[in-house]
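Dear colleague,

Please find below the structure that I am handing over to you. My account of what was found in it follows directly after.

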Amino acid sequence: MSEKRNISLLHCTVNGKERDDVVKDNLLLADYLREEIGLTGTKIGCDGGECGCCTVLIDGVPQHACLRLAATCQDAEIETIEALAEQNRLSALQRGFHEKLGTQCGFCTPGMIMAAEGLLRENPNPNEDEIRQGLAANICRCTGYIKIIEAVQFAVDELDSKGKAA
Amino acid sequence: MNEIKPTKSIGVRTPLVDGPEKVSGKALYSADFNPSDCLVGRIFRSPVSHAEIIDVDISAAQALPGVKAVITGDETDETFGILPVARFEYPLARDKVRYKGEPVACVAAIDVETAQKAIDLIKFKYKELPAYFTSQEAMAEGAVYIHDHREGNIEREVDFELGEVDEGFEAADFIMEETFNCAEIAQVQMEPHAAIAEYDPTRDFMTVHASTQVPYYGHLMLAKTLKMEESQIRMIKPFVGGGFGCRTECLNVELICALVARAAGGTVRIVVSREETFITHRGRPETDVEMKIGLTKDGMITAVDYKAIQRGGAFSGYGVVTILYSGGLMFGVYDLQAVRYKGLRVLTNTPPPGAMRGHGITDVRYAFESLLDKMAMELGIDTLEIRRKNLLQGPKYETLNEMFINSYGLPECLDWVEKASDWKKRKGKMGLYKGLGVACAHYPSGASKPVNWSGEPHATVHLKLDWDGSITLLTGAPEIGQGSTTMATQCAAEVLGLDISRFQSLTSDSKLTPKDNGSYSSRVTYMVGNASIDAATNLKTILLEAAAKKLEVKPEDVECLGEVYRAGTQDEGLTFNEVVKAALEGTGTITVKGNFDTLPESWGTKKYRGGAISGSMAYAYAAQVVEVSIDPETFDITVVKVWAAQDVGKALNPLAVEGQIEGSVWMGMGQAISEGTQYHNGLGITNSMLDYRVPTIVESPPIEVGIIESIDPHGPFGAKEAGETSLISFIPAFTNAIADALGVRPLDLPVTPDRLMELVENSTSNKKAAE
């Protein structure tokens with residue numbers, strides 16, 4: 001019956017919470033997050049894989065949620081912008097984007113921050129070139145990227161000094 | 001004891017007041033509203049560029065289970081449009097379709113799949129008409145009229161001659177002319193257009209959330225096309241993902257959404273695709289410019305004669321203003337004493353352009369600055385120096401078209417970029433394939449005459465003070481990412497000497513906030529900033545009076561220190577909360593109002609029809625130096641660095657001003673190096689962000705910003721425009737740098753590597769042929 005109706009039972013973890021959901025096989029991960037769960041922080045800015053607004057972490061790796069079917073995320077760990085704030089405080093990256101004005105209209109911001117989050121987990125001390133390469137799949141139309149680079153550098157410095165303090 | 005001081009807000013680097021929502025994913029944009037009973041709206045679009053509509057058969061679509069409404073052009077016979085003189089567009093086409101992708105019908109259904117199935121069941125019968133995709137084709141003799149009332153497919157022709165142009169050219173030692181083509185540009189704001197309309201049939205009441213820069217104009221057009229009372233509509237602008245002018249007029253998306261919601265008797269959300277966002281367009285029109293300049297041998301401009309032809313698409317939109325701006329805004333940068341202009345806005349069967357950032361003047365300024373540069377090089381005059389020679393003698397200065405320049409920081413902008421770029425040492429001496437170029441620009445701080453004249457002030461701000469000591473700033477001004485709410489809060493906070501954390505804000509909700517004309521033509525800082533100052537001043541008067549009564553002194557003897565009000569330095573005074581309590585005694589919650597109106601001297605010229613359009617209270621100025629490096633084999637162009645100086649009057653928030661200037665420079669770079677729409681028989685073939693190439697972070701240059709503060713006499717704390725001028729100056733500075741690097745000068749935009757290679761090869765073979 002379920003095959004005929006093209007639905008699957010999806011088991012995954014979203015922002016640390018285990019979920020079991022019945023999803024249509026053609027449901028995009030971006031729509032699953034936004035429409036089914038109500039996590040609208042993840043944005044959709046294009047018709048598929050062009051802009052990077054929907055970037056989320058799947059098992060720690062930044063990916064376009066608009067190019068991934070939800071049903072293929074079986075047992076995956078998915079993290080979205082809503083999960084980043086730590087203990088009621090914005091994360092270092094979020095503070096960087098806010099305080100350095102790495103965000104203007106804010107529409108690319110969730111995807112941009114998640115791409116940066118993925119980058120910093122892989123490489124906690126990227127140079128400017130590595131930041132540029134790490135964010136190359138994310139378009140911003142407001143900032144000219146100058147303050148986005150500064151925002152990421154702010155987070156790198158914060159995390160670095162935190163690491164040294166620890 | 002620490003000295004008590006009012007808190008400073010102006011000139012302080014201030015992160016956006018709505019920043020935390022944006023970085024945490026909590027900010028709600030139009031597409032993020034999804035109530036459980038919400039229907040999905042989908043638009044059926046014309047598959048042809050120009051045709052008579054024979055029939056739109058929606059019977060099969062209506063019969064599909066799950067479909068709640070299907071509407072066509074029959075739904076309303078009311079037109080919409082931003083300009084009262086050019087309101088010829090229907091939300092859904094009637095009688096004719098005029099561009100490929102024009103909305104024809106709309107379905108509201110229970111889910112996306114059903115809506116799409118219903119769209120596929122619509123049978124559209126039409127009779128094709130000849131279609132024109134270039135200005136030249138549309139203007140050719142015998143072309144059918146796209147609109148019956150626009151003969152020859154000319155939407156608007158502008159002609160003026162101010163000063164003695166022929167005499168000016170006679171007095172010139174050196175005259176040159178050149179023809180430029182600038183591709184059509186799209187804003188590509190990150191948020192695709194979206195609207196959610198909630199119709200309440202029991203009250204006949206409509207609530208619309210939409211991605212717009214102009215909720216008030218949207219409100220007017222909703223009432224017109226729905227034939228509803230304006231008071232029966234509530235228009236809300238939630239968070240908006242950028243604008244750059246694509247939403248400075250009401251779009252068909254929000255109107256169709258409301259029409260179909262009413263037909264369905266419920267709530268409908270329409271989120272259009274990126275492709276549909278490109279089709280909705282309202283970008284910068286493709287423009288051909290013929291520019292002619294006369295100079296004396298020492299580089300003084302004697303006359304300018306130019307023509308601009310804009311491919312205006314199928315509907316006017318802002319087009320009449322665009323073609324007028326291309327004329328009127330030639331004035332005000334340099335001292336020009338003789339100018340002739342002819343502008344043609346042409347109707348074509350392509351999507352309608354609009355008022356994109358740098359509206360009307362970008363392409364014309366590019367042509368002027370490019371030709372001036374070329375002539376300076378031929379005369380052996382330094383290209384920065386020739387600009388300096390032709391500066392205005394002011395302020396105060398009145399242009400030939402009666403624009404009043406009350407603040408003019410362009411000389412300082414030139415000084416700054418000259419020094420910062422090490423111009424004198426490096427210009428012309430960087431060797432082959434490397435170069436420096438300079439250019440200037442200006443832009444108004446809001447049009448002094450509103451589009452819809454209502455007799456009301458240009459801007460109104462409310463401040464609500466309540467028992468808890470918090471102040472809520474209420475403004476209709478649409479925050480679209482530019483930081484307008486932060487700016488308005490800073491202005492009020494500065495007057496009251498309070499920290500901005502005392503303030504909350506509520507923006508752009510027609511039920512709660514005072515009306516505002518919208519975020520366009522760089523009007524908000526100047527107008528809403530001034531209204532915010534006025535409101536805060538009025539509130540301060542009330543607080544001073546209340547404090548005086550409590551302290552048993554005269555109001556003029558009370559000193560406001562923000563958190564403390566006191567009578568003299570020895571007085572312990574009252575805390576802000578005590579003053580609030582005193583002020584509310586017997587009256588309750590206080591709401592004060594502040595207004596801003598423009599001065600009649602800024603209302604522009606009557607010397608030619610439509611000339612008033614260029615009138616503004618103040619103009620921002622920019623000078624920019626761009627450094628390029630060109631790969632000798634591939635002709636890939638790298639923008640190595642940009643030095644961008646802009647006279648913003650006063651940087652109310654230097655952080656946001658930098659952000660605006662950097663973003664402008666970068667958007668100008670996109671237009672210069674890679675952007676441009678293309679059509680194949682009217683079909684957009686660049687309607688994705690892969691085919692329409694905006695620069696990525698990898699190819700974006702370092703930008704050094706020089707903020708020049710000329711302190712405008714009427715601006716809020718002296719402030720002027722900050723978000724458009726530097727886009728305009730980038731483009732000519734860039735091609736001027738290429739001319740410095742290669743000795744050949746690109747004329748057509750964008751300057752792609754293949755075009756540049758062709759240009760160099762042609763110039764080399766021409767030289768060889770001449771030898």
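In this predicted model, the centres of domain 1 and domain 3 of chain B, taken over C-alpha atoms, are 40 Å apart. The two domains are nevertheless in contact, through 16 residues of domain 1 of chain B and 14 residues of domain 3 of chain B. On the domain 1 side of this contact, helix H6 (215-226) and strand S11 (233-236) of chain B each contribute at least two residues. The largest share there is that of H6(B), with four residues. In terms of residue class, the side of domain 1 of chain B that touches domain 3 of chain B holds seven nonpolar, seven polar and two charged residues.

For orientation, the domain assignment of chain B places domain 1 at 35-131 + 193-280 and domain 3 at 457-597. Domain 2 of chain B is assigned to 287-348 + 368-449 + 603-770.

Also in chain B, I would draw your attention to a pair of packed helices, H10 (residues 362-379) and H18 (residues 725-742). Their axes lie 9 Å apart and form an angle of about 30 degrees. The crossing of H10(B) and H18(B) is right-handed. From H10(B), the residues that take part are B:Thr362, B:Arg365, B:Tyr366, B:Glu369, B:Ser370, B:Asp373 and B:Lys374. They meet B:Leu727, B:Ile728, B:Ile731, B:Pro732, B:Thr735, B:Asn736 and B:Ala739 of H18(B). An α-helix has 3.6 residues a turn, so residues three or four places apart point the same way. Divided by class, the contact of H10(B) with H18(B) comprises six nonpolar, four polar and four charged residues.

Turning to the interface between the chains, 41 residues of chain A are in contact with 43 residues of chain B. Four helices of chain A, namely H2 (92-99), H3 (109-122), H4 (128-134) and H5 (146-165), each supply at least two residues of the side that touches chain B. Among the elements of chain A, H2(A) gives the most to that side, with four residues. The side of chain A that touches chain B is made up of 20 nonpolar, 13 polar and eight charged residues.

Chain A itself is divided into domain 1 (7-83) and domain 2 (92-165). The C-alpha centres of these two domains of chain A are separated by 22 Å. Their contact draws on 15 residues of domain 1 of chain A and 13 residues of domain 2 of chain A. Strands S3 (55-58) and S4 (61-64) of chain A each supply at least two residues of the domain 1 side, and the largest share of that side, three residues, comes from S3(A). By class, the side of domain 1 of chain A that touches domain 2 of chain A has eight nonpolar residues, six polar residues and one charged residue.

Finally, a remark on helix H1 (residues 29-36) of chain A. This helix is mostly covered, with six of its eight residues buried. The buried residues of H1(A) are A:Leu29, A:Ala30, A:Asp31, A:Tyr32, A:Leu33 and A:Arg34. They pack against strand S2 (17-24) of chain A. Just after H1(A), A:Gly38 adopts a positive phi of about 85 degrees.

With kind regards

Notes
Residues are numbered from 1 along each chain as its sequence is written. Chains are lettered from A and ligands numbered from 1 in the order in which they are written. This is a predicted model: local features need pLDDT of at least 70, side-chain atom pairs count only at pLDDT 80 or more; totals for chains, interfaces and linings use all residues. Domain bounds come from an automatic or database domain assignment. Two residues are in contact if their C-beta atoms, placed from the backbone, lie within 7 Å. Ala, Val, Leu, Ile, Met, Phe, Trp, Tyr, Cys and Pro count as nonpolar, Asp, Glu, Lys and Arg as charged, and the others, Gly among them, as polar. Axes are lines fitted to C-alpha atoms, for helices over the stretch in contact, and angles run from 0 to 180 degrees between N-to-C directions. A crossing is left-handed if the near helix is turned anticlockwise from the far one by less than a right angle, and right-handed if clockwise. A residue is buried if 20 or more other C-beta atoms lie within 10 Å of its own, exposed if 12 or fewer, and partly exposed in between; C-beta atoms are placed from the backbone.
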